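Here is a walk through one protein model, from a few helix pairs to the ligand and then to the confidence scores. Keep the sequence and the structure side by side while reading.

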Amino acid sequence: MFKGVPTLANLRLLKSQREAYTIVNGLVLTRRSKATALPLELTDAVSRRNVLNGDYKQEFLDRAKYGHTGKQLQQKIASEKKMRAPPLLNLVFANRKLSFYDTSSGPKPSEDHGKGHREQEQRNAEDVLFDMFANDETGLISMGKFLAGLKTTGIRRNDPRVRELMDNLKKVHKLNNYETGSSAETQHLNRETFKAVVSPNIVLIAKAFRQQFIIPDFSSFVKDIEDIYWRCKSNTLGKLADYIPQLARYSPDFWGVSICTVDGQRFSIGDVEEPFTLQSCSKPLTYAIALEKLGPKVVHSFVGQEPSGRNFNELVLDQNKKPHNPMINAGAILTCSLMNALVKPDMTSAEIFDYTMSWFKRLSGGEYIGFNNAVFLSEREAADRNYALGFYMRENKCFPKRTNLKEVMDYYFQCCSMETNCEAMSVIAASMANGGICPTTEEKVFRPEVIRDVLSIMHSCGTYDYSGQFAFKVGLPAKSGVSGGMMLVIPNVMGIFAWSPPLDHLGNTVRGLQFCEELVNTFNFHRYDNLKHLSNKKDPRKHRYETKGLSIVNLLFSAASGDVTALRRHRLSGMDITLADYDGRTALHLAASEGHLECVKFLLEQCHVPHNPKDRWGNLPADEAENFGHAEVVAFLKAWAEKAPQAEEEYKNEAVTTTTQANEEIDSTSDLDRSNNTSPVPSEAASTASVASATSDDKTKPGL
Ligand SMILES: NC(=O)CC[C@H](N)C(=O)O
């Protein structure tokens, strides 16, 4: 009986007399030219909807198999439909709630690939979503439940990318005469209405529920973030900045953290809507505008790229009589002069202010960016050191020609006095993580090269005189500000903004710093964390199925491409080599059908995998070798099958002894610790034991 566990890997091999195709995460690999992986979506002009629904994938395969279209094709397709696996979307949904194979009423695929199954195939994404959330008895979907489900994936109701959905809900609510007892967002809809309502945003919504965002299991990630947040909350160290009264008045208890991923998944906790001024967190942003408009050559002919090793407002220039970098006061004042004299020489001060604000706003996806005039006036009053820096630089001819120092200083204070909150700043940080494209509006604000340069400087100079230690411990680009902000960028993954006013002696927010350090102790976000091998840190970028070891996709890829070295690596890392994909296909099936004798030998002789696992079509590896005409492999597998019972029995006994010892060592550790154990000894022993105990009929994944 089919017991395959649905995996995102969705590795599927379609049986064919002429050609076999392997689909891995939307890539189609042909059996004969494994090197040419065609991104399926790019191979034909089809709508995104069709791709999403999985329909196109099937069509592509059909055409590839039969080489033509038409009536004959339709007949062949009809006769083979029984063999097909359900569309990808269904697989993933099956894992979340709607188990198509688990419905007590419906036929199980191993028993019947017919009617019920075919019906599911024809369903599109909207249908599947409806079924996920609909009430069986009423046949209606609760939009409240649906939106709550969407929120767990990180998508909020006010996300601009679901605006049409929300507008449609309001329209339907109005059409229904504001049905009593429910709001637009909690009303109950029938299938057709639901489909019409979600359809404009279905691409994003389906991606969310398919767990295809950068953080697939967002709710688990959020739990860890909450834990870190609460641990930092109890830290009461640090002192408020008091050089101006407006900063000194903040409550030391304020503590907020907002997260926005490159896919626009949002999470916030604490005082995330409380306004505060940008202060030094504005420095990377004005620097980015200057880079965008003038390019790095021009900008860096005026300002250096080295950490100063001194206080952020130190009266010091580098050997070339330039400010050390754009993240300290001298460098930021210099950047402001570039904006004033080179980027927009014709603009008035007011226009440059508006111009700058519009950049910040676009970067934040339109979220809160304001201006605090009291802070601005105070900054200007208490600015002896900043004026001194300005005059010192003017004396050393640091500024471009035509610089109006008074205007430049005012502009610098204005940038420091722009007001924002954690929510908006997390989107800014996410835009930086996303190569300059705002994840929520999808607007391209900066070129990726600009962002790369900004992040590089943030990495080495972003946290004042703590920058070296920060780069060492956290290993990520960040920028702190005297108002208690800490902008952290995890390139290609997410932006985080942590805010709490109490500062340490170097001027960094105490809680923010602790948060960053705890974050990289929990997750492998440090720039130099190894992502390939098992470690005791979590990788939230990976799907739940993958976090306990290397992905099954990699294992099956290695087998299909005849890569014995890679298979060896998988084995050494403690991976369960008996893993089967959704269709019950094991590494041995793939190695055999591709005729990779070396791999077949390695799998049987070294990994002791069972020689006779059946895939969902009932095929053994030997059948596959035969189907695809690999005589040598057939001969080897047949010979192995004759001596197999004895060899497997011997190995089983051996493995049990080894495992008993290993278990004693690892018994005290948790499940997770065990799977993350970096020592290959216990994990390998455990994995081999599961190999030994796996029966040929059981395609469930021991060890997962
Ligand atoms: N560290 C900071 O945030 C510096 C900004 C502050 N307004 C100053 O210029 O002194």
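This is a predicted model. Begin with helix H11, residues 218–233, and helix H22, residues 510–522: the two pack with their axes 9 Å apart, at an angle of about 140 degrees. The crossing in which H11 passes H22 is right-handed. On the H11 side, the residues that take part are Asp-224, Ile-228, Arg-231 and Cys-232; on the H22 side they are Arg-511, Gln-514, Phe-515, Glu-518, Leu-519 and Thr-522. Sorted by class, this contact holds four nonpolar, two polar and four charged residues.

Another pair is formed by helix H6 (residues 125–133) and helix H10 (residues 202–209). Their axes are 10 Å apart and the packing angle is about 50 degrees. Why do H6 and H10 count as oblique to each other? Angles from 35 to 65 degrees fall outside the ranges called roughly parallel and roughly perpendicular, and the angle here is about 50 degrees, so H6 and H10 are oblique. H6 passes H10 in a left-handed crossing. Ala-125, Glu-126 and Leu-129 are the H6 residues in this contact, and they meet Ile-202, Ile-205, Ala-206 and Phe-209 of H10. Six of the residues in the contact are nonpolar, none is polar and one is charged.

Next come helix H16, residues 373–381, and helix H18, residues 405–416. Their axes come within 9 Å of each other and cross at roughly 135 degrees. H16 and H18 are therefore oblique to each other as well, and their crossing is right-handed. From H16, Phe-376, Glu-379 and Arg-380 meet Phe-413, Gln-414 and Cys-416 from H18. This contact is made of three nonpolar, one polar and two charged residues.

Two residues of that contact, Glu-379 and Cys-416, lead on to the ligand, since both belong to the residues around it. Which other residues are around the ligand? They are Gln-279, Ser-280, Phe-312, Asn-313, Asn-329, Asn-386, Gly-481, Val-482 and Gly-507. The shell around the ligand has three nonpolar, seven polar and one charged residues.

Last, consider how far the model can be read. The average pLDDT of the chain is 79, and 72% of the residues score at least 70. Residues 1–71 stay under a pLDDT of 50, and the model has 123 contacts beyond four places in sequence for them. A further stretch, residues 76–122, also has a pLDDT below 50, with 62 contacts in the model beyond near neighbours in sequence. Where pLDDT is low, the predicted coordinates should not be read in detail. For the model as a whole, the scores are ipTM 0.97 and pTM 0.66.

Key. Residues numbered from 1 in each chain as written. Predicted model: local features only at pLDDT ≥ 70, side-chain atom pairs only at ≥ 80, totals over all residues. pLDDT = per-residue confidence, 0-100. Contact = placed C-beta atoms within 7 Å. Axes fitted to C-alpha atoms, helices over the stretch in contact; angles between N-to-C directions. Helix = DSSP H or I, 4+ residues; strand = E, 2+ residues; numbered from the N terminus. Left-handed = near helix turned anticlockwise from the far one by under 90°. Nonpolar A, V, L, I, M, F, W, Y, C, P; charged D, E, K, R; others polar. Near = placed C-beta within 6 Å. Parallel < 35°, antiparallel > 145°, perpendicular 65-115°, else oblique.
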